[in-house]
Each structure stands twice: as C-alpha cells, then as structure tokens.
Amino acid sequence: MTQDFIPFALPDIGQGEIDAVVETLKSGWITTGPRVRRFEEEFAAYVGARHAIAVNSCTAALHLALEAAGIRRGDEVLVPTMTFAATAEVVRYFDAVPVLVDCRREDLNLDLEDAARRLTPRTKALIPVHYAGNPCDMDAVLAFARQAGIAVVEDAAHALPARWRHRLIGAFGDATCFSFYATKTLTTGEGGMITTDRDDWAERVRIMSLHGISKNAWKRYTATGSWYYEILEPGYKYNLTDIAAAIGVEQLRRCDAMWQRRRDLATRYGELLGAVEELELPREAPGTQHAWHLYPVRLRLERLALDRAAFIEELRGRGVGASVHFVPLHRHPYYSQTYGYAPADLPVASAESERLLSLPFYSRLTDDQARRVADAVKDIVARHRRSAAGPCRPGEGAVC
Ligand SMILES: *Cc1c(COP(=O)(O)O)cnc(C)c1O
C-alpha cells in the first residue's frame, strides 16, 4: 500500500482564518486599515512590546530596522552565517558590509566570542538569529552590544513564541523582526512585524514603511482624516494588507495552541529517535522556551555510510520530505566571491551544516505521521550503519 507523502512544511489554516478573509473582502476595506491596527495592537500586547508595526515581510522589517539604526554605506553589521539569505541581504541594501559570524557547536546560535573578534570601529549593529526557535542568550547579546556601542536588531523569524528567562522574544533588542511567511509558526501567507520599545524607532519605521509620508496614509480616506500629507523622506512600500492582517489576528489567537502541539511533537520525536546513536537531536535549553519552529537533526556522519544528500533522497523515497537549515551564507557564491570567505574562516558552521537535516515539523503533523517519519529515519540508519569494526572498505562487501 502506498501512503501519502508527508511534506516538510504545511500551514495551519482553520475556518476562523477563512471566515475572517471573506469578511474582510466583503467589508470594502482590503488594504492597510482597521485589521492591521488591531493585529499590531494585539501582537504588541502578546510579546510585551510598546510598539508593533506590521509590514509585508520579515525582510522588509529587517530593512526598516537597519534604516532606523542609521546604517550607511561602508558600515559593518555582524550577521550569523547560519541563517537565511534575508538576514544579510538587507545590509547590502545600504551598500554596507555584512560581516559573517560563526555559530556555537551546541545549538548553532551566534558565537559571541567570534563576533568580538570581528568588531571594528565601523561595526554599527548586530543581527542575532534565534536559530530554529531556540533563543539566543539575550543577556550576553545585550551586554556585548552595550560594550561595543552598537544596535541590536533581532531576526526573530523563527522565534514566535520563544522565551529567554521567561520573557517572550520581542522586547529585548532595539527592534525585533518577525516573519509570517507560509512556513513560519504564525502565517499570513506573506507578512512581517517589527516590535520595539523605542518611540523614536517606531515612528521612523512607521513613516519609512509607507513612502516616508508623515501620517498614517489610510486615515486620508476616512471621515476623521485629512487629505493633507507630507513626504519627509523617500521611503518604501512595505505595508501589510487588511486581508493578511485578518489571517494574522486569527493565527495569533491560536499561537499558543499551535506552539503546544509543536512542543508535543518535539517530545514525541525525542522519544522515538532519542536512542538512535547516529543522530543528535535539538534540545530546549534550561531557563528558555523553544518556539519549536524547526526540528533540525544532525547526522553523525562518521557512523553512517551515506551523506546528508543521500539521506534526504532516502527519506524522499520513503514518502518523507526534508530540508536543510541552512547552507551557511559563506558557502553561497555571492558571499564567498564578494568577501572572499573560505570554509575554514567559519569552521563550526562549515562542519555542522554538512550534517544538518530538518524533519517535517508543524502543528498539523499527526502522531501517526511523526511515527512514520521516525520509522523512515530509523530504517535508513539501520541500512546504512557503518560497522563498528572500522571504516568502510569498499570491495569487502560492506554497504558503503
Ligand atoms: C524566513 C526567514 C526570513 C525572511 O522572512 P520573510 O518574511 O520571508 O521575509 C528571515 N530570516 C530568517 C532566519 C528566516 O528563516
């Protein structure tokens, strides 16, 4: 019997989200308006930040936060290499320099000792990424930034809802940027949010998110608004639609329930795969709450007779999707060629990325599917285990 393919990611969209979109479409107001305002207010209250500004992606959020930080041409911004394209490309929007930082072996979060070695008088900001939803040590990050006199813009695309010492990620750095992309823990299809406690940054981000115009443009068309506006700066067009915000309001209501389901799945994967010596599983650090956005396992390649790419192919053959988070930025042509990074310059990320593999992980994944994923993983390991007798010697009948 053939069983359904288990995709790597799936959004969790309920009837509430569908009804809210239909209601919005019928309301006559589909772009930025009352639902965006409500989403912003409820999001700010949820994470405990003074301000939340909704935008159409986390990439836009990061861009606007760096703009508020005053990044200029030639400035340097510390960016972990173990991240997605967006975290560094926004630095290039200013013709500034993303200085890549290695990760810690234990959890693949930013290595602050390596960051310290890469500080120069031109360093203006640090963008910590809470890898997979596991929060960075924010006490150490903030102390580092204070000492260096630089801004902290958090890339929290994985980190809703993550906690550092009981406080939700969202009000630690100068600004925190969230993603509502289709695969993330809260989705609006595409979307993002910037949270900050700083009134000056909030005002600047709000103005620059909509053409550098001096007041909330949507008020222009309402009875209480005015036709008059002023362009203060050449801004950007990064506003979120009310259609997307309507989905966001419903998703935020279910954010804790979806997180609990993912946490239960993490526990389940831990039970099913914990005894497999060829794997290293992700863990929640004491005193933190893991957002459980991703479930990246690390292969102990020295114990296996196949590499990561072959492992993913074997999973696919058993009806299981998988992905890699991440091929680090310094291994991509643009960053290696433009800045001359070699694998040895960022040795931990270079080595760890070769053995990373993310399993299917989302609130709609059933217990039965999680078991099928684990069975597939265990079957592959059993068939490709390298014998304890020593390294595999082709030609002696070993499966290499
Ligand atoms: C998804 C992601 C982003 C980009 O989010 P968008 O909303 O698609 O712009 C940024 N950083 C990280 C680490 C991500 O995983």
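**Reading the ligand site**

The shell around the ligand comprises six nonpolar, seven polar and two charged residues. In this predicted model, local features need pLDDT of at least 70 and side-chain atom pairs count only at pLDDT 80 or more, while totals for chains, interfaces and linings use all residues. Residues are numbered from 1 along each chain as its sequence is written, and side-chain values use heavy atoms, with hydrogens and water left out.

Me: How many residues surround the ligand, and which are the closest?

Reply: A residue is near a molecule if one of its heavy atoms lies within 4 Å of it. Here 15 residues surround the ligand, and T59, D155, H158, S179 and K184 are the closest. For the classes given above, Ala, Val, Leu, Ile, Met, Phe, Trp, Tyr, Cys and Pro count as nonpolar, Asp, Glu, Lys and Arg as charged, and the others, Gly among them, as polar.

Me: Which atom of the ligand is 2.7 Å from an N or O atom in the side chain of S179?

Reply: A polar contact is a pair of N or O atoms within 3.5 Å. For S179, the ligand partner is an oxygen atom. A nitrogen atom of the ligand lies 2.7 Å from a polar side-chain atom of D155. At C58, a polar backbone atom is 2.9 Å from an oxygen atom of the ligand.

Me: How much of the ligand does the protein bury?

Reply: Accessible areas come from the Shrake-Rupley method with a 1.4 Å probe. Taken alone, the ligand exposes 390 Å², of which the protein buries 92%.

Note on methods: Polar contact = N/O pair within 3.5 Å; in protein donor to acceptor, adjacent residues only side chain to side chain.
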